[in-house]
Amino acid sequence: MSRDDRFPVLLRAFFYEWLVEQRNASIHTVRSYRDTWRLLLRFVAQRAGKKVAMITLADLAANEIAAFLCHAEHERGGTIGTRNCRLAAIRSFFHFVATRDPASIAQCVEVLHIPIKRAPVSEPCYLDPAEVTAILAQPNRSRVEGMRDHALLSFLYNSGARIQEALDLCPEAIRFESPNCVRLTGKGRKERICPLWPETVMLLKKQLERQPRAPDQRLFVNRYGEPLSASGVRFKLAAYVRAAAETMQTLRAKHVTPHAFRHYLPARLCRVALTATV
């Protein structure tokens, strides 16, 4: 890499000046973009036979970006959605470079012309009330871990929250007095208020009694006091679904994820509204 190459300066400015200071991007966005660039730089360095620190802006040609996206989708086993997220992070950088380094605008345009790939839209997984009940019955509530899992799944069932919204939940966001509700922070750091059932509030109170947390600390943590990860919750839920499928046969044909609880809430509300209308 020559001293005249501006790639290291541009990449640093993109993350620290553009994303953090000017765009005020969320920590989740910054981490997602960081992971994309970490994978991309390693991929390009391996193909070019050089160290990551020696990569120049010229090495990031449109054909290399296209090869990386193909690698991310087919060799790493990513979905088309993940592939498009990687491309969005790369596009954002080259939009930034086009404004900072006009001499590279031709290369930027070539990268920006790489299209988003359309993906088939599969039918959402909906859960029936009996299936939800069977899943919620699986955690061993005599143990701290089982009580936590039962409270978390019940909270997802009640609120329709995204998994990361639930994992970011702190006690200060919960109103334990009537009317019970919770303040959730979603995508784009948008806040919304969701009502809570008395049964859910009782489970959250018991969770805090077993694992006390400060008002600004994450509510759902592991045995070491560290916040749970979304992948960890998916792993645990898959085990509970397998156990529930032994008695609830319909679960065997369904791919149940934490987001399935989010789909269940509006479906349940529609059924209630339809019943009331009829």
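Which residues are linked with E145 in a network of salt bridges? The network takes in E145, R148, D149 and K236, a salt bridge being a Lys or Arg side-chain nitrogen within 4 Å of a carboxyl oxygen of Asp or Glu. The model here is predicted, so to speak of local features takes a pLDDT of at least 70, side-chain atom pairs count only at pLDDT 80 or more, and totals for chains, interfaces and linings use all residues. Side-chain values use heavy atoms, with hydrogens and water left out, and residues are numbered from 1 along each chain as its sequence is written.

Back to that network. R148 and D149 meet through their side chains at 2.9 Å, N to O, and both residues are buried (under 20% relative accessible area; exposed is over 50% and partly exposed in between, with a 1.4 Å probe and protein chains only). D149 also pairs with K236, this time at 3.7 Å. That second pair ties together distant parts of the chain, with K236 in helix α10 (residues 230-244) and D149 in helix α7 (residues 144-159), 87 residues apart. Helices (H or I, at least four residues) and strands (E, at least two) are DSSP runs numbered from the N terminus. K236 counts as partly exposed because its relative accessible area is 24%, whereas D149, at 5%, is buried. Overall, the count comes to 14 salt bridges; one of them joins D59 to K50 at 3.0 Å.

Strands β2 (residues 181-185) and β3 (residues 191-195) run antiparallel and are joined by 5 bridges, pairing here needing at least two DSSP bridges between strands. L184 sits opposite R192 in β3. The hairpin has 5 residues between the strands, and G188 takes a positive phi near 70° there.

As for pockets (open sets of points on a 1 Å grid over the protein atoms alone, where a 1.4 Å probe fits, with protein on both sides within 12 Å along at least five of seven lines; lining residues have an atom within 4 Å of a point), the largest has a volume of about 1900 Å³. Its lining runs to 44 residues, with H28, T29, R162, Q164 and K187 nearest the centre. Domain 1 (6-113) and domain 2 (129-264) both contribute to this lining, so the largest pocket lies between them. The second largest pocket holds about 240 Å³, and α1 gives the most to its lining, with 7 residues.

Key:
Points joined across faces, edges and corners; volume = space filled by probe spheres on them. Domains from an automatic or database assignment.
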